[in-house]
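Work through the exercises below with the sequence and the coordinates at hand. Each task is followed by a solution in steps.

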Amino acid sequence: MPKAKVHSGAAKRFKKTGSGYKRKSAHKSHILTKMTTKRKRQLRGTSAVHASDKVLIDRMLRAKG
């Protein structure tokens with residue numbers, strides 16, 4: 001059986017966890033000099049992906065289950 005194709009961009013953006021998927025915060029890629037230290041610190045962590053988006057991410061990553 002051939003290998004299932006995976007959306008490589010989604011594979012970099014989302015990580016599978018026991019309860020679903022995690023993603024990084026948006027707006028943390030460039031022009032960081034204009035952001036306050038407090039704002040950059042708040043964007044540092046990860047967030048859980050909403051349950052309604054789980055089906056789309058499963059399809060992109062070809063996850064089983």
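The exercises go from the sheet to its packing, then to ring geometry and single loop residues.

This is a predicted model, in which local features need pLDDT of at least 70 and side-chain atom pairs count only at pLDDT 80 or more, while totals for chains, interfaces and linings use all residues. Residues are numbered from 1 along each chain as its sequence is written, and side-chain values use heavy atoms, with hydrogens and water left out.

**Exercise 1. Determine the strand order of the sheet and its edges.**

Step 1. Take helices (H or I, at least four residues) and strands (E, at least two) as DSSP runs, numbered from the N terminus. Two strands pair if DSSP finds at least two bridges between them.

Step 2. β1 and β2 (residues 21–24) run antiparallel and are joined by 3 bridges. β2 and β3 are likewise antiparallel, with 3 bridges.

Step 3. The result is an open sheet of 3 strands in the order β1-β2-β3, with antiparallel pairing. β1 (14–16) and β3 (46–48) are the edges; each has a single partner strand, so one side of each lacks a neighbour in the sheet.

Step 4. On average, neighbouring strands of this sheet are turned by 35 degrees against each other, direction ignored. Axes here are lines fitted to C-alpha atoms, for helices over the stretch in contact, and angles run from 0 to 180 degrees between N-to-C directions.

**Exercise 2. Assign residue partners across the strands, and describe the hairpin of β1 and β2.**

Step 1. Between β1 and β2, Lys16 has Tyr21 as its bridge partner, and Phe14 stands opposite Arg23.

Step 2. On the β3 side, Lys22 stands opposite Ala48.

Step 3. The hairpin has 4 residues between the strands, and Gly20 takes a positive phi near 160 degrees there.

**Exercise 3. Which helix packs on the sheet, and which residues make up the largest nonpolar core?**

Step 1. Helix α3 (residues 54–61) packs on the sheet and touches β1 and β2, where contact means heavy atoms within 4.5 Å. The direction of α3 makes about 90 degrees with that of β2.

Step 2. A nonpolar core is a set of buried Ala, Val, Leu, Ile, Met, Phe, Trp, Tyr and Cys residues joined through side-chain atoms within 4.5 Å. Buried means under 20% relative accessible area, exposed over 50%, and partly exposed in between (1.4 Å probe, protein chains only).

Step 3. The largest such core has 6 residues: Ala10, Phe14, Tyr21, Val49, Ile57 and Leu61.

Step 4. Beyond its neighbours within four places in sequence, Phe14 is in contact with Tyr21, Lys22, Arg23, Val49, Ile57 and Met60.

**Exercise 4. Count the aromatic pairs and find a charge over a ring.**

Step 1. Rings of Phe, Tyr and Trp (its six-membered ring) pair if their centres lie within 6.5 Å; planes under 30 degrees apart count as stacked, over 60 as edge-to-face and the rest as tilted. The count by this rule is 0 aromatic pairs.

Step 2. A charge sits over a ring if NZ of Lys or CZ of Arg is within 6 Å of the ring centre and within 35 degrees of the ring normal. The charged end of Lys16 sits over the ring of Tyr21, 4.9 Å from its centre.

**Exercise 5. Characterise His27, Ile31, Gly45 and Ser47 by place, and by backbone or surroundings.**

Step 1. His27 lies in the loop between β2 and α2 (37–42). His27 is not a glycine, yet has a positive phi of about 65 degrees; at 62% relative accessibility it is exposed.

Step 2. Ile31 is also found in the loop between β2 and α2, with a positive phi of about 55 degrees although it is not a glycine.

Step 3. Gly45 belongs to the loop between α2 and β3 and is partly exposed at 37%. The C-alpha atoms of Gly45 and Lys24 are 6.7 Å apart, with their positions 21 residues apart along the chain.

Step 4. Ser47 is in strand β3 and counts as partly exposed at 23% relative accessibility. Not counting residues up to four places away in sequence, Ser47 touches Tyr21, Lys22, Arg23 and Ser25.
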